Amino acid sequence: MHAQLLNEARRPLVPAELPTPRPGPHQLLIAVRACAVCRTDLHVVDGELVDPKLPLVPGHEIIGIVVEKGDAADRFAIGDRVGVPWLGWTCGVCEYCRSGRENLCDRARFTGYQIDGGYAELTVADERYCFTIDRRYGDVDAAPLMCAGLIGYRTLRMAGEAQSVGIYGFGAAAHIVAQIAAHQGRRLFAFTRPGDVAAQDFARSLGAEWAGDSTVLPPEPLDAALIFAPIGALVPAALAATKKGGTVVCGGIHMSDIPAFPYRILWEERVVRSVANLTRRDAEEFLALAPEAGVRTETVTYPLDRANEALGDLRSGALQGAAVLIP
Ligand SMILES: [Zn+2]
Ligand SMILES: [Zn+2]
């Protein structure tokens, strides 16, 4: 099968011909129809996330069709369409797994990081971590739901009952979260790279009542702020934009260092927290909610052999919405 392979961090992916993977007992062999490109892929390729499996097939926002099953796989039938997310396996016995926090599992394994992912014609995945995708979504449209959507949703949930929500970094996750937030009747404020008028217009088109540069304060203090851009300096900026008791949620897996900031912007019971990975419950909730909320995804497609170009466009901020690879 054709795949795009990471042999070494900080090097471009290379095209490769790999043997057809065989499904283990609980695994499915899946013909990949679409795989979205996540910022986490960029962190792996750029060496900011250490110790990936090497060589590695990246990609963890996979939509595909089951073509073969392992002996113990009984949740899906041959021909079913499934989605494969970042969470690829958990131990089931550690204190986190036993307390409903499998996203923090001590021995978790992640798709496109410790497990070969979807930048390929075929992939294998443990069926216990695969999901049915609503018929209302095409393969390309559904792909960004699998991480930008899922982890974006978890990030929004960590903001609790916040009515006014700021979003820093208006990319793939934000464009989905904005629609969920609007559906829930929340008020949305979007912060983009200074001067990125196109992203600000995009945010307004998805329901933001205000959009502006990340360097300015919003017109009023916010109940919560979500940060999707991997820029540590946004943490104090977001704290300064929130009300007393407000929450700042960092939705990414990697961020540049957070600069020192005065305690007074954290005081008055403001909270800074992060979000790590997803649970299967997050996926079930979000994948049921997205079609009900009418969530649509904005995508730019690339053939699989142009994966490096897709990663480059994400790195440079040239994309509106999500990049999706088609094998
Ligand atoms: Zn565990
Ligand atoms: Zn991701």
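Mentor: A salt bridge here is a side-chain nitrogen of Lys or Arg within 4 Å of a carboxyl oxygen of Asp or Glu, and by this rule the count comes to 19 salt bridges in what is a predicted model.

Trainee: What makes the contact between Arg-81 and Asp-139 a salt bridge?

Mentor: The N to O distance between the side chains of Arg-81 and Asp-139 is 2.8 Å, and the rule asks for a nitrogen within 4 Å of a carboxyl oxygen, so the pair qualifies as a salt bridge. Arg-81 belongs to strand β5 (residues 81-84) and Asp-139 to helix α3, 58 residues apart, so that the pair links distant parts of the chain.

Trainee: Why is Arg-81 called buried, and why is Asp-139 called buried?

Mentor: Buried means under 20% relative accessible area; Arg-81 has 19% and is therefore buried, and Asp-139, with 17%, is therefore buried as well.

Trainee: How do you know that Asp-282 forms a salt bridge with Arg-157, and which helices hold the two residues?

Mentor: The closest N and O atoms of Asp-282 and Arg-157 are 3.0 Å apart, which the limit of 4 Å admits. Asp-282 lies in helix α8 (residues 280-292) and Arg-157 in helix α4, so the salt bridge ties together parts that are 125 residues apart in sequence. Both residues also take part in a network of salt bridges, whose members are Arg-154, Arg-157, Arg-281, Asp-282 and Glu-285.

Trainee: Is Asp-282 buried or exposed, and what is Arg-157 called?

Mentor: Asp-282 has 0% relative accessibility, which is under 20%, so Asp-282 counts as buried; Arg-157, at 30%, falls between the limits of 20% and 50% and therefore counts as partly exposed.

Trainee: Turning to the metals, why is the site of the zinc ion (ligand 1) called tetrahedral?

Mentor: Four donors count as tetrahedral if all angles lie between 85 and 135 degrees, and the angles among the 4 donor atoms of this zinc ion are 103 to 117°, so the site is tetrahedral. The protein donors are the SG atoms of Cys-91, Cys-94, Cys-97 and Cys-105, at 2.3 to 2.4 Å from the zinc ion (ligand 1).

Trainee: What makes Cys-38, His-60 and Cys-147 donors of the zinc ion (ligand 2)?

Mentor: Cys-38 (SG), His-60 (NE2) and Cys-147 (SG) coordinate the zinc ion (ligand 2) at 2.0 to 2.2 Å, and a donor atom has to be within 2.8 Å of the metal, so these atoms count as donors. Among them, His-60 and Cys-147 are 87 residues apart and link distant parts of the chain, and both are buried.

Terms used:
Residues are numbered from 1 along each chain as its sequence is written. Chains are lettered from A and ligands numbered from 1 in the order in which they are written. This is a predicted model: local features need pLDDT of at least 70, side-chain atom pairs count only at pLDDT 80 or more; totals for chains, interfaces and linings use all residues. Side-chain values use heavy atoms; hydrogens and water are left out. Donors are N, O and S atoms within 2.8 Å of the metal (3.2 Å for Na, K and Ca); water is not among the atoms, so sites may look incomplete. Four donors count as tetrahedral if all angles lie between 85 and 135 degrees; four count as square planar and six as octahedral if opposite donors are over 155 degrees apart and all others between 65 and 115; anything else is irregular. Helices (H or I, at least four residues) and strands (E, at least two) are DSSP runs, numbered from the N terminus. Buried means under 20% relative accessible area, exposed over 50%, partly exposed in between (1.4 Å probe, protein chains only).
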